[in-house]
Amino acid sequence: MADFADTSNAWTQAWLDMQKQYMDTWMKFSSQGLPGSPMTSPFAAAGANPWAGAFEQWSRLFSQGMPVSAKDVSTRLFDLGKSYMDMSERYWQLLRQGKEDAFSVTDWRSMLQQACEQAGKGFGFPGGSTDPWSGFATLWGLPVSNWQRMACSFSPFPGEMEKALRTDDQAAESTVMTRAVRQFLSLPPVGYTREWQEQQQVWTELFLEYTRTVQALGGVLGKVVQRALDLFGKRMSERIQNGESFDGLRAIYNLWIDCGEEAYAEEVTATEFPQVQADMVNALMRMKRHEQRMVEEVTTALNMPTRTEMDTTHKRVYELQRALRRLQDTVEDAAESVAVSAPPKARKTAVKKTTTAARRARPKTRKE
Amino acid sequence: MINLPLQPDQVLKEAIEFNSKLTAGLTNLKDIGEVDVGTAPKEAVYSEDKLVLYHYKPAVDRPAKTPLLIVYALVNRPYMTDLQEDRSIIRNLLEHGEDVYLIDWGYPDGADRFLQLDDYINRYIHHCVRHIRKAHGLRKINLLGICQGGTFSLCYTAIHPERIANLVTMVTPVDFQTPNNVLSDWARGLDVDLLVDTVGNMPGELLNWTFLSLKPFRLTSQKYADLADILDDPVKLKNFMRMEKWIFDSPDQAGEAFRQFVRLFYQQNQLVTGGLEIGGHPVSLKQVTCPILNIYATYDHLVPPESSKALKRHAGTHDYTSIEFKGGHIGIYVSGKAQHDIPPAIANWLQERSD
């Protein structure tokens, strides 16, 4: 039986061959042209963005063989690769249309803008599609996307929860969902579990508030997106008008990144952004704090130790250790002063006079 | 008909190349193995709680008489100063005759959440300084503080001026509220009490998110596009992986110390506005009268140069030197130019002030 390396290499070669074949078809298609339907790919059935789709499929397969030390990097690389392939395809379609027809600069810029807006729809806050953080949007929605991933570790509730509550129609969501939640919150808690119901209602209020702050940050980032698109369109247009070309797709990608960073830098130094971001962190913390209280009620009822009890114990140990260390320091500092100020021969004697307690307190050393 | 900035065939060709590079290079990534960091020979000479003090093996027969203690930040790990053989500030300092010690703070856990700045500055640093003074029979040693470790070093020197001969600060925040300090703007709106009371220790993931959010498009997207270009080069790939390891190797921060640092430094800016006390000891930069070498980076997005340069106005010393490094917060440790310029400049400056 062939080992994993052989299998993997063979698979890689097979993939490269398949990909070449796939791209050859595109190349052929690219040079022949299909008048009347230049934006339609021969692989339309594979999805809206077949290049990115194909990339995602093989990246999923390949990532399974990654060692732990390279897992995170490979994941980030695959995410980037998918966005990059998605961008490649969109540009290919855009440029192909420009090649087919007799375009003016204005037409081309307008089409570019349209394509960017199309791409931007997925992450244009508010009023975007169900998932404003996916696909091409990863280039724009990164701060929020990374926040969502990171925030998962702060709550017993899944980090995707906020996302899952969105619908295709955000306006409808804001009315239907909010109405349902408000109805739930307006119910007076009754019966034996009324206190627990109250706790749940408070948590729901805090969750709604957190969701609102995440969306508020999304709204501010939406301004970044718009500004970045403006900058990008402007710089592309300038180049076209000057008759300049790009070294390649990477140069366009780099320009895009530059525009994104420039727009982002403008926004994050404005007064609104730090406040909106801080509001989001603070709202998450309020929610988590309340969750902790709820969990502690349960663990107390089950006679299990709580975080509060652990903290109290740690604090007492810490304060005891601190008081002891201060006493030791007084002795050691005095001994050290004598040692460093005494003539060399007397140093050994001075050091020996260090108290037994201080000697015991001195931690062991180890070699690496 | 306009001249398109790029031809469709070119886009296709590049997409194929990109994918091929990625596929072929991923085999190298799969075979990367263990990512090793820290290459200079060293010995652990003191430890306390999670702290370990390392003494590096001198690279010359007669190293400097006054040893140099490096105090790194609590954020990320100190092996950045000795990332690999050809990217090591420590190795270069050793080769220029310095006798180098380094504090490794370790990874605080839940039991460390009540550690305060007083513990880090007046206990841990103090004990390391004491150990070195005793080991060398010296009254004073040299201190090199990096980033937040530089702020700690300034506080320590202000409280214990009789123990520090010369102070070197690298990319050190001093004035925390200079214009264009994005990190400071963000920190000021935080309810740090709520944050620490809720999370206990400040999670490294949250810090990472904050740092990546300063330049999200470059640090989370473009960087990996560039990686695709070097996947076929095992040496460059390994270098990348070392940096990547360092960036995401973020220890949690002891809760109380984090609370104090955000409140006293970022929110109240007490190091320059006055009134700072650490463990009951008043801290004024006017008390820092020993020679100071202040090194800052012109493109530092974490510690803007103006934040570091404020030290000149506030320190009590009459012997102040500064070095402006044309680079960023990370480049100052690892770039070829930094390796070439920074360690010899530090060593020369210290040697000019040796007894």
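These legends go with close-up views of a predicted model.

**Figure 1. Chain A is built from helices.** Chain A has 13 helices and 0 strands, so the run from the N terminus on is simply α-α-α-α-α-α-α-α-α-α-α-α-α. Of the 368 residues in chain A, 27% are buried. Look at contacts with a separation of 6 or more in chain A, and 64% of them turn out to link residues 24 or more positions apart.

**Figure 2. Domains of chain A, and where domain 1 touches domain 2.** Chain A splits into domain 1 (14-99), domain 2 (137-304) and domain 3 (311-359). Zooming in on the contact between domain 1 and domain 2 of chain A, we find 6 residues from domain 1 and 5 residues from domain 2. On the domain 1 side, that comes to 3 nonpolar, 2 polar and 1 charged residues.

**Figure 3. Thr306(A) in its loop.** Here the view settles on the loop between α10 (272-301) and α11 (307-341) of chain A, where Thr306(A) sits. Is Thr306(A) buried or exposed? Neither quite fits: Thr306(A) has 16 other C-beta atoms within 10 Å, so it counts as partly exposed, given that buried takes 20 or more and exposed 12 or fewer. Setting aside neighbours within four places in sequence, Thr306(A) is in contact with Glu296(A), Thr299(A) and Thr300(A). For a sense of scale, take Phe232(A): from Thr306(A) it is 74 residues apart in sequence and 53 Å apart in space, C-alpha to C-alpha.

**Figure 4. The open sheet of chain B.** Eight strands line up in the order β1-β2-β6-β3-β7-β8-β11-β12 in chain B, forming an open sheet with mixed pairing. At the edges stand β1 (42-48) and β12 (320-325) of chain B; each has a single partner strand, so one side of each is left without a neighbour in the sheet. From one strand to the next, the twist averages 20 degrees. As a reminder, strands of a sheet pair through backbone hydrogen bonds, either parallel or antiparallel.

**Figure 5. Helices packed on the sheet of chain B.** Start with the pairing of strand β8 (residues 164-170) and strand β11 (residues 292-297) of chain B, which run parallel and are joined by 4 bridges. Within that pairing, Val168(B) stands opposite Leu293(B) of β11(B). Helix α3 (residues 117-136) of chain B packs on the sheet and touches β1, β2 (51-56), β3 (68-71), β6 (100-104) and β7 (141-146) of chain B. The direction of helix α3 of chain B makes about 130 degrees with that of β1(B). Helix α12 (residues 305-314) of chain B also packs on the sheet, touching β8, β11 and β12 of chain B. In this case the helix direction makes about 165 degrees with that of β11(B).

**Figure 6. Strand β7(B) and its partners.** Why does β7(B) count as largely enclosed by the rest of the structure? Because 6 of the 6 residues of β7(B) are buried. On one pairing, β3(B) and β7(B) run parallel, joined by 4 bridges, with Leu68(B) having Asn142(B) as its bridge partner in β7(B). On the other, β7(B) and β8(B) pair in the parallel sense over 6 bridges, and Gly145(B) stands opposite Thr169(B) of β8(B). Add helix α4 (residues 148-159) of chain B to β7(B) and β8(B), and you have a right-handed β-α-β unit.

**Figure 7. His160(B), between α4 and β8.** This close-up shows the loop between α4 and β8 of chain B, where His160(B) is found. His160(B) has 18 C-beta neighbours inside 10 Å and so counts as partly exposed. Which distance separates His160(B) and His126(B) in space? They are 8.6 Å apart, C-alpha to C-alpha, and 34 residues apart in sequence.

**Figure 8. Where the two domains of chain B meet.** Chain B is divided into domain 1 (7-36 + 204-251) and domain 2 (42-184 + 257-352). Their centres, taken over C-alpha atoms, are separated by 31 Å. The contact draws on 9 residues from domain 1 and 12 residues from domain 2 of chain B. Helix α9 (residues 234-248) of chain B supplies the largest share of the domain 1 side, with 3 residues. By class, that domain 1 side has 4 nonpolar, 2 polar and 3 charged residues.

Definitions and conventions: Residues numbered from 1 in each chain as written. Chains lettered and ligands numbered in written order. Predicted model: local features only at pLDDT ≥ 70, side-chain atom pairs only at ≥ 80, totals over all residues. Helix = DSSP H or I, 4+ residues; strand = E, 2+ residues; numbered from the N terminus. Contact = placed C-beta atoms within 7 Å. Pairing = 2+ DSSP bridges. Axes fitted to C-alpha atoms, helices over the stretch in contact; angles between N-to-C directions. Right-handed = clockwise from strand over helix to strand, strands pointing away. Domains from an automatic or database assignment. Nonpolar A, V, L, I, M, F, W, Y, C, P; charged D, E, K, R; others polar.
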